[in-house]
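The exercises below take one protein model apart, contact by contact. Work each task on the structure before reading the solution under it.

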Amino acid sequence: MNDTSTDPGWHVDDRCTNCDVSRQLAPGLIADGGGRSVVVRQPRDAGEEQRLHAAAFACHTRSVRPPAGRRLDAVLDPYPMPLDATVSLCGHNAPMTAAANSYLVRRPPGSQIMVDTPRWSEALATRFEALGPVTDVLLTHQDHAAHGRAYADRFGARLWIHEGDLASAPDADQVLRGTDAVEIAEGVVAHPLPGHTRGSVVYVADERYCFSGDSFYWSRTTGDIEVVENVTWYSIEELAASLARTVDALRFEWLLPGHGDRRHLPAAESHRRMRSLATRTAALRPRPVDFTATRW
């Protein structure tokens with residue numbers, strides 16, 4: 001590890017798994033260093049210091065480290081971190097969910113829903129609940145199910161999953177079935193999207209916020225919405241069929257994935273890009289799983 005007493009600045013230690021989370025949160029400060037994240041520049045002001053703290057408190061391996069002799073300043077833990085007035089990023093990504101991002105979504109009565117989960121922590125649950133009662137925990141698929149039951153029980157919330165991935169949350173309170181879209185709460189629609197896994201689901205709130213799990217994401221490399229064709233556990237052909245069936249019903253402005261970057265776009269542009277994605281995905285064929293080939 002490069003975490004030594006002679007290291008004078010912020011750095012990423014060798015536990016990094018190249019999940020991209022820190023690069024999303026501290027662009028310009030943390031970058032891809034050939035298969036892992038590296039700090040490319042030290043912070044110049046308090047705002048940049050806060051961005052590095054956001055990356056550090058999200059990193060699932062705790063690999064983003066402050067200068068030698070310093071501890072992370074808990075006062076600068078920004079989570080839950082508002083993305084706008086409705087959605088907050090939970091941070092504190094979990095090793096058991098492969099470092100997936102998770103979200104809190106404010107609903108009109110003052111309650112909240114959680115989409116996927118951060119690492120389990122009673123202190124985090126208390127912090128999240130301080131913003132309002134959490135009524136539902138929505139799991140996008142089996143890879144992100146590890147802490148769903150713990151958070152649902154702590155909040156007294158309903159735990160949701162699709163029947164295709166039910167083995168990962170067999171005690172779920174609500175089980176989505178089939179491939180038809182269903183409104184699961186006022187303004188919140190579940191769109192089953194088998195492909196990445198058999199039970200993958202995309203949740204859309206208010207025709208504005210799309211929580212896509214691992215079905216699709218914003219790639220900084222291509223500057224477009226992409227599927228993770230190199231990490232498809234179930235079927236790329238099924239994912240193509242799911243997109244073809246669903247794309248005309250998907251309306252959103254915020255793309256909020258589990259893995260990969262987020263993006264805020266006009267609704268018409270999001271729809272145009274999703275139609276293009278459906279066409280491109282139809283041309284893809286199965287390939288071996290290769291985590292190193294992801295186009296972050």
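**Exercise 1. State how exposed Arg-280 is, then find its salt-bridge partner and place both residues.**

Solution.
- Step 1. Arg-280 has a relative accessible area of 28% and is partly exposed; buried means under 20% relative accessible area, exposed over 50%, and partly exposed in between, with a 1.4 Å probe and protein chains only.
- Step 2. The model is predicted, so local features need pLDDT of at least 70 and side-chain atom pairs pLDDT 80 or more, while totals for chains, interfaces and linings use all residues. Residues are numbered from 1 along each chain as its sequence is written, and side-chain values use heavy atoms, without hydrogens and water.
- Step 3. Arg-280 forms a salt bridge with Glu-226, with 3.2 Å between the closest N and O atoms; the term means a side-chain nitrogen of Lys or Arg within 4 Å of a carboxyl oxygen of Asp or Glu.
- Step 4. Glu-226 is in strand S17 (residues 224–226) and Arg-280 in helix H6 (residues 267–282), so this pair links parts of the chain 54 residues apart. Helices (H or I, at least four residues) and strands (E, at least two) are DSSP runs, numbered from the N terminus.
- Step 5. Glu-226 is buried, at 7% relative accessibility.
- Step 6. Both residues belong to a salt-bridge network that also includes Asp-224, Glu-229, Glu-269, Arg-273, Arg-287 and Arg-295.

**Exercise 2. Which residues form salt bridges with Arg-208, and where do they lie?**

Solution.
- Step 1. A search of the whole structure gives 24 salt bridges.
- Step 2. Asp-84 forms one with Arg-208, the closest N and O atoms being 4.0 Å apart. Asp-84 lies in the loop between strand S5 (81–82) and strand S6 (87–89), and Arg-208 in the loop between strand S14 (201–205) and strand S15 (209–213), 124 residues apart.
- Step 3. Glu-253 forms another with Arg-208, at 2.4 Å from N to O. Glu-253 sits in the loop between helix H5 (236–246) and strand S18 (254–257), so its pairing with Arg-208 ties together parts 45 residues apart in sequence.
- Step 4. The relative accessibility is 21% for Asp-84, 27% for Arg-208 and 23% for Glu-253. Each of these counts as partly exposed.

**Exercise 3. Describe the aromatic pair of Phe-128 and Tyr-151, and the buried side of helix H3.**

Solution.
- Step 1. The whole structure has six aromatic pairs. Rings of Phe, Tyr and Trp (its six-membered ring) pair if their centres lie within 6.5 Å; planes under 30 degrees apart are stacked, over 60 edge-to-face, and the rest tilted.
- Step 2. Phe-128 and Tyr-151 are 6.3 Å apart centre to centre with 40° between the planes, a tilted pair.
- Step 3. Phe-128 is in helix H3 (residues 122–129) and Tyr-151 in helix H4 (residues 148–155), so the pair ties together parts 23 residues apart in sequence.
- Step 4. Phe-128 and Tyr-151 are buried, and they form one aromatic cluster with Trp-120 and Phe-155.
- Step 5. The buried residues of H3 are Leu-124, Ala-125 and Phe-128. They cover an arc of only 100° around the axis, so they lie on the same side of H3; the arc is that of the directions from the helix axis to the C-beta atoms.
- Step 6. Their cover includes strand S7 (103–106), strand S8 (112–115) and H4.

**Exercise 4. Which residues touch the most other members of the largest nonpolar core?**

Solution.
- Step 1. A nonpolar core is a set of buried Ala, Val, Leu, Ile, Met, Phe, Trp, Tyr and Cys residues joined through side-chain atoms within 4.5 Å.
- Step 2. The largest has 39 residues, and Leu-138, Ile-184, Tyr-203 and Phe-211 touch the most other members. Helix H2 (residues 46–58) gives this core its largest share, six residues.
- Step 3. Beyond four places in sequence, the contacts of Leu-138 (heavy atoms within 4.5 Å) include Ile-113, Trp-160, Ile-184 and Tyr-203.
- Step 4. Another core, of 20 residues, lies apart from it, with Val-247, Met-274, Leu-277 and Leu-284 among its members.
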